[in-house]
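Work through the following exercises with the structure in view, and try each task before you read its solution.

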Amino acid sequence: LRLPVAVRPYSAGLRGGAAGAVAMAIVACAYGTIAQGSPWLPINLLAGTVLPTFEQASLAQLQRFDPTALGLATLMHVGLSLLVGLVYAALLPMLPDRPLLWGGVVAPLAWSAVIGMSLGSVDPALAQHVSWPWFIASQVAFGIAAGYAIAQIEPIATLQSLPLVERAG
């Protein structure tokens, strides 16, 4: 067991998650605009994981603005990003000191592999519209932005840094 001598506060995870959310949204909307001609495609694809109306939607339907999909996708994206940011803040101190490597490369590639292997059985309609290079790029953008934002917050010393006499009371 490797216990960290210092950890970052939970607020660092929230900041990292927020920074990652913005970076990921920029890459995802850039993909939609550049490759598909619509920034709404990735938003509708995300919302389509829970909205049955998008399950059998055509590409043209997925490229249109839908206010319900935008609201739902925003809630999902922000909520998941903040949670992942908290996980990053909790895990990064326990890993060797390279937050951009762990947060920006290792975690996004592992996460992308898990999603890539499971998406076809979880949501086949969504799987056919995902561009994996862009998906991985958005995950890496999230990880780099989150890892960087978290690394900028000053760590707080844990009891591990105190002598045994003080820890024992």
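A pocket, in the sense used here, is an open set of grid points with protein on both sides within 12 Å along at least five of seven lines, and its lining residues have an atom within 4 Å of a point. The model is predicted.

**Exercise 1.** Describe the largest pocket, beginning with its space and ending with the kinds of residue that line it.

*Solution.* Begin with the volume: about 1300 Å³ of space lies in the largest pocket. Next, look at the lining, where 48 residues are found, and where Met24, Leu46, Trp111, Phe135 and Gln139 are the closest to the centre. Then ask which elements give two or more residues to this lining; they are helices H1 (10–36), H2 (40–47), H4 (67–91), H5 (99–122) and H7 (132–151), and H4 gives the largest share, eleven residues. Finally, sort the lining residues by kind, which gives 35 nonpolar, eleven polar and two charged.

**Exercise 2.** Determine how H1 and H7 are arranged relative to each other.

*Solution.* The axes of H1 and H7 come within 7 Å and cross at roughly 155°. Angles over 145 degrees count as roughly antiparallel, and therefore H1 and H7 are roughly antiparallel to each other. Their crossing is right-handed, and the residues of the contact comprise 19 nonpolar, six polar and one charged.

**Exercise 3.** Which elements have the lowest and the highest mean pLDDT?

*Solution.* For the protein chain the mean pLDDT is 87, with 96% of the residues reaching 70 or more. Among the elements, helix H6 (residues 124–127) has the lowest mean, 75, whereas H1 has the highest, 95.

Conventions:
Residues numbered from 1 in each chain as written. Predicted model: local features only at pLDDT ≥ 70, side-chain atom pairs only at ≥ 80, totals over all residues. Heavy atoms only, no water. 1 Å grid on protein atoms, 1.4 Å probe; cavity = no way out; pocket = protein on both sides within 12 Å on 5 of 7 lines; lining within 4 Å. Points joined across faces, edges and corners; volume = space filled by probe spheres on them. Helix = DSSP H or I, 4+ residues; strand = E, 2+ residues; numbered from the N terminus. Nonpolar A, V, L, I, M, F, W, Y, C, P; charged D, E, K, R; others polar. pLDDT = per-residue confidence, 0-100. Axes fitted to C-alpha atoms, helices over the stretch in contact; angles between N-to-C directions. Parallel < 35°, antiparallel > 145°, perpendicular 65-115°, else oblique. Left-handed = near helix turned anticlockwise from the far one by under 90°.
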